[in-house]
Amino acid sequence: MRTSEIQGKLWGTYARNWADYGEGTSNDLFNAVLQKTKNTDKGIKLLDVGCGAGGYCKMASEQGFNVSGYDASEQLIAIARERLPQADFQTGDLEDLPYSDNTFDIVTGFNCFQFAGNIVNALHEAGRVTKKGGTVVIAVWGSPEKCEASVVFAALAPFMPTPQKSNDKKPLYAEGILESLAVEAGLYPETTEEIECLWKFEDENMALKAMLSAGVMSFAIQNAGEEKVRETVRNAISQFRQHSGNYELKNTFNCLAAKV
């Protein structure tokens, strides 16, 4: 199966919940990138790959960007089109973007390139459709000790696929890995920084809806059933309940800006 078929099915299962509850957990990250890429010129062309339900595209459009979005999930893209009927949204594989060379001023990818069948090929495609001198922004999870959500993923590990072992394969958050992948893809790394993203949920129900809507959770649900996964996540996040009854988890993302 193509990567987009696999990921599209996983992320499309709870698409509406992701749009309503899950996608907004990245707003701190979205805003930080918008601040660093904003331009007084009107009509700057931006492509968000792995755009999900179009949350970042909507924010960028409100800042004057001419936005397009690309994702594996037809269900999420349908919601993105509801939010931004005037924008161009398409679906497919990250390694095969349906755009001409030198089309966009900026290409962003928030926690998506790791889902590609081949990360370097996906980054090369992002660079291909970016204008010379343009920017490709790559954001991935930070190290587990800087991400409180890692407690949730650790609790769900027994229900997740066993990762393939490789002695030479380092995680994307390891020092220098993003940069080396970008260089291999023909990009020129400029800056890499950590961006803190605070997940805030007004109650347990909202937290569970947000977390269970992520595509990676579909693996666990398929293996253990939704009720078991829900209970596991509920127990894992109990330590993050505040006195007011809301939930807060601090997570860090590594963000690389590379030139074409």
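Is the crossing of H9 and H11 left-handed or right-handed? Keep that question in mind as we walk through this predicted model, beginning with the sheet and then turning to the helices.

The sheet is an open one, built from seven strands with mixed pairing. If you trace across the strands, you meet them in the order S3-S2-S1-S4-S5-S7-S6. Strand S3 (88-91) and strand S6 (188-201) stand at the edges, and each has a single partner strand, so one side of each lacks a neighbour in the sheet. As you step from one strand to the next, the twist averages 20°.

Let us stay with the edge strand S6 for a moment. In general, strands of a sheet pair through backbone hydrogen bonds, in either a parallel or an antiparallel manner. S6 pairs with strand S7 (residues 247-259) in the antiparallel sense, over 13 bridges. To find one such place in your viewer, select Pro189, whose bridge partner in S7 is Ala258.

A helix also lies across part of this sheet. Helix H6 (residues 119-128) lies across strand S4 (104-110) and strand S5 (130-141). Relative to S5, H6 runs at about 145°.

Now for the helix pairs. Two packed helices are described by the angle between their axes and by the distance between those axes. Helix H9 (residues 204-212) is a good guide here, as it packs with helix H11 (residues 226-237) and with helix H2 (residues 15-22).

Take H9 and H11 to begin with. Their packing angle is about 120°, and their axes are 10 Å apart. Angles of 65 to 115 degrees count as roughly perpendicular and those over 145 as roughly antiparallel, so H9 and H11 are oblique to each other. And here is the reply to the opening question: the crossing of H9 and H11 is right-handed. On the H9 side, Glu204, Ala207, Leu208, Met211 and Leu212 make the contact, and they meet Glu226, Val229, Arg230, Val233, Arg234 and Ile237 of H11. Sorted by class, this contact has seven nonpolar and four charged residues, with no polar ones.

The pair H2 and H9 packs at an angle of about 125°, with the axes 8 Å apart. These two helices are therefore oblique to each other as well, but the crossing of H2 and H9 is left-handed. From H2 come Asn17, Trp18, Tyr21 and Gly22, while H9 offers Met206, Lys209 and Ala210. By class, the contact of H2 with H9 has four nonpolar, two polar and one charged residues.

Conventions. Residues are numbered from 1 along each chain as its sequence is written. This is a predicted model: local features need pLDDT of at least 70, side-chain atom pairs count only at pLDDT 80 or more; totals for chains, interfaces and linings use all residues. Side-chain values use heavy atoms; hydrogens and water are left out. Axes are lines fitted to C-alpha atoms, for helices over the stretch in contact, and angles run from 0 to 180 degrees between N-to-C directions. Helices (H or I, at least four residues) and strands (E, at least two) are DSSP runs, numbered from the N terminus. Angles under 35 degrees count as roughly parallel, over 145 as roughly antiparallel, 65 to 115 as roughly perpendicular and the rest as oblique. A crossing is left-handed if the near helix is turned anticlockwise from the far one by less than a right angle, and right-handed if clockwise. Contact means heavy atoms within 4.5 Å. Ala, Val, Leu, Ile, Met, Phe, Trp, Tyr, Cys and Pro count as nonpolar, Asp, Glu, Lys and Arg as charged, and the others, Gly among them, as polar. Two strands pair if DSSP finds at least two bridges between them.
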